[in-house]
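User: I am new to this structure. Please walk me through the reasoning behind its labels.

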Amino acid sequence: MSITLSPIIAGAMNWGVWQANFTTAEMARMIHSCFDNGITTFDHADIYGGYTTEAEFGKAFTQSGIAREKIQLISKCGIQHTVGNRPTKVKHYDYSKEYILWSAENSLKFLQTDHLDILLLHRPSPLMQPDEIAEAAQKLKQEGKIKALGVSNFTTSQTELIRSRTDVFCNQIEFSATHLNPMLDGSFDYMMMNNIKPMAWSPIGSIFKEHNDQSHRLKLLLAELVAKYGVTADVILLAWIMQHPAGVVPVSGSASPERFKNQMKAVNLKLELEDWFAIWTESIGNKVP
């Protein structure tokens, strides 16, 4: 089944009690702002907000009045966290058929929808049974409760294990100018060869979070590129990852409607070849290999 994602995905992790703590009305306005600026895909996980953000989003989306078929909803399952309202004593992963089905049903109920466009396995578990995962995915697809199954933070071999039993639509991994691994360790090559859509969480990277040599080098270069291209640094960083031929879709964790609107400028920004390589060079602090 064909699934069309917006070129930038709105990550809702920080919209609830973990950061912005939006009211229902504020979250509804946030959804509308994203939608009005061409961001129609919303990324969730059951654990966000200690298992509360999905329900808050569901109420807000209902209040927004936007038709369900106009947007795409992603959620993730598998992490049993010690935060929130569950009696979990030790953080662990559960990919039993029963748990996947139960978790998906919860997400549908909280998001107030009859289906998820994509259900992701949030993080790999050494105990996951691919046959059980495939059975759960097949049942959810047959019942129309999910359109596709994806993974998140999976290696190529872990992804291939799941693919040996059922289709994998995407892999949501960390990728940015400060986290280059996926384009160097074969992850993107594998996804391109197998028609798996890459999504990138933390797409801005750690440049503005950490004070180290890498961040300093990149900030100096970004100041030049901001002046050259007439856009903000985050737009340049998003354009940089989107320029990779794997077709990376960034998951922006912003909680600002103005920032989302601004970040959409990255969709039409193509960096000159030497500027693209300059970002890689300053990230590693040396000439590229």
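Analyst: Start with aromatic pairs: rings of Phe, Tyr and Trp pair if their centres lie within 6.5 Å. By that rule this predicted model holds 14 aromatic pairs.

User: Why is the pair of Trp 15 and Phe 42 called edge-to-face?

Analyst: Planes over 60 degrees apart count as edge-to-face. The planes of Trp 15 and Phe 42 stand at 75°, with 6.2 Å centre to centre. The angle passes the cut-off, so the pair is edge-to-face.

User: What parts does the pair tie together?

Analyst: Trp 15 lies in the loop between strand E1 and helix H1, and Phe 42 lies in strand E2, so the pair links parts 27 residues apart in sequence. Both Trp 15 and Phe 42 are buried. They also belong to a cluster linked by ring pairs, along with Phe 22, Phe 57, Phe 61 and Phe 260.

User: What makes H3 oblique to H4?

Analyst: The two helices pack at about 40°, with their axes 7 Å apart. Roughly parallel needs an angle under 35 degrees, and roughly perpendicular starts at 65. The angle of about 40° fits neither, so H3 is oblique to H4. Glu 54, Ala 55, Phe 57 and Gly 58 of H3 make the contact with Ser 107, Phe 110 and Leu 111 of H4. These residues divide into 4 nonpolar, 2 polar and 1 charged.

User: Why is H9 called roughly perpendicular to H10?

Analyst: Their axes cross at roughly 95° and come within 9 Å. The range for roughly perpendicular is 65 to 115 degrees, so the label applies.

User: Which residues meet there?

Analyst: Leu 222, Leu 225 and Val 226 in H9 meet Ala 233, Ile 236 and Leu 237 in H10. That contact has 6 nonpolar residues, no polar and no charged.

Notes:
Residues numbered from 1 in each chain as written. Predicted model: local features only at pLDDT ≥ 70, side-chain atom pairs only at ≥ 80, totals over all residues. Heavy atoms only, no water. Axes fitted to C-alpha atoms, helices over the stretch in contact; angles between N-to-C directions. Helix = DSSP H or I, 4+ residues; strand = E, 2+ residues; numbered from the N terminus. Parallel < 35°, antiparallel > 145°, perpendicular 65-115°, else oblique. Contact = heavy atoms within 4.5 Å. Nonpolar A, V, L, I, M, F, W, Y, C, P; charged D, E, K, R; others polar. Phe/Tyr/Trp six-rings, centres within 6.5 Å; stacked < 30°, edge-to-face > 60°. Buried < 20%, exposed > 50% of the residue type's maximum accessible area, 1.4 Å probe, protein only.
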